[in-house]
Amino acid sequence: MNITTTTVSLTVDDVEASSGFFTTHLGFREALADEGFASLTRDDAAADVVLLRRGSEVLPENLRHQRPAGVIVAFTVTDIAAESDRLVREGANITMELRQEPWGRSCCSSPTPTAS
């Protein structure tokens, strides 16, 4: 198997607001967009993100109207302290301030505007 890219598909209530979060705060750009759909990418080979409006016909019928729960998409960055400070300055909703985990990894959390 030769994996050429990784794409995370997220079901959201408001594709435009979620896309705005990824493009404004996380450096993604819209590669494709249509009613209820946005495909986001970056030029640095990070994972791509596809946003699908909840209820969309392209979703499997058994998942079409479900709200995702327990989904965490994590990005590893070179200077998490600087990125955390930048997100705060930009007004992103920080739900978990920068902290260091017992195993040594530092993390912070900022959900998309439509996260439940």
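A disulfide is counted here when two cysteine sulfur atoms lie within 2.5 Å of each other, and the tour will return to that cut-off at its last stop. The structure is a predicted model, in which local features need pLDDT of at least 70 and side-chain atom pairs count only at pLDDT 80 or more, while totals for chains, interfaces and linings use all residues. Residues are numbered from 1 along each chain as its sequence is written, and side-chain values use heavy atoms, with hydrogens and water left out.

**The whole chain**

Begin with the whole protein in cartoon view, where 2 helices and 6 strands can be found, following one another along the sequence as β-α-β-β-β-α-β-β; helices are DSSP runs of H or I with at least four residues, strands are runs of E with at least two, and both are numbered from the N terminus. The C-alpha trace spans about 40 × 35 × 25 Å along its principal axes. Colouring by relative accessible area, with buried meaning under 20%, exposed over 50% and partly exposed in between (1.4 Å probe, protein chains only), shows buried residues making up 26% of the 116 residues.

**Helix α1**

Next select residues 15-25, which form helix α1, and display its buried residues Val15, Ser18, Ser19, Phe21, Phe22 and His25. Viewed down the axis of α1, these buried residues fall within an arc of 170 degrees, so they line one face of the helix; the arc is taken from the directions that run from the helix axis to the C-beta atoms. The face turned away from that buried side carries the exposed residues Glu16 and Thr24.

Now add β1 (7-12), β2 (29-34), β3 (37-41), β4 (48-53) and α2 (80-89), against which the buried residues of α1 pack, a contact being heavy atoms within 4.5 Å. At the start of α1, select aspartate 14, a side-chain oxygen of which reaches to within 3.2 Å of the backbone nitrogen of glutamate 16. After the helix comes glycine 27, whose phi is positive, near 75 degrees.

**Salt bridges**

The structure holds 9 salt bridges, each defined by a side-chain nitrogen of Lys or Arg within 4 Å of a carboxyl oxygen of Asp or Glu. Select aspartate 43 and arginine 29, whose closest N and O atoms are 2.8 Å apart in one such bridge. This pair links distant parts of the chain, with aspartate 43 in the loop between β3 and β4 and arginine 29 in strand β2, 14 residues apart. Aspartate 43 counts as exposed at 68% relative accessibility, whereas arginine 29 counts as partly exposed at 41%.

Move then to arginine 64 and glutamate 57, whose side chains meet in a salt bridge at 3.6 Å, N to O. Here arginine 64 is buried, with a relative accessible area of 14%, while glutamate 57 is exposed, with 62%.

A further pair is arginine 86 with glutamate 90, where the closest N and O atoms are 2.9 Å apart. Selecting Asp13, Arg54 and Arg67 together then shows one network, joined by salt bridges that share partners.

**The cysteines**

Finish at cysteine 107 and cysteine 108, and display their sulfur atoms. The sulfur of cysteine 107 is 7.3 Å from the closest cysteine sulfur, in cysteine 108, which is too far for a bond, and the count under the opening cut-off comes to 0 disulfides. Cysteine 107 counts as buried at 17% relative accessibility, whereas cysteine 108, at 24%, counts as partly exposed.

Notes:
Polar contact = N/O pair within 3.5 Å; in protein donor to acceptor, adjacent residues only side chain to side chain.
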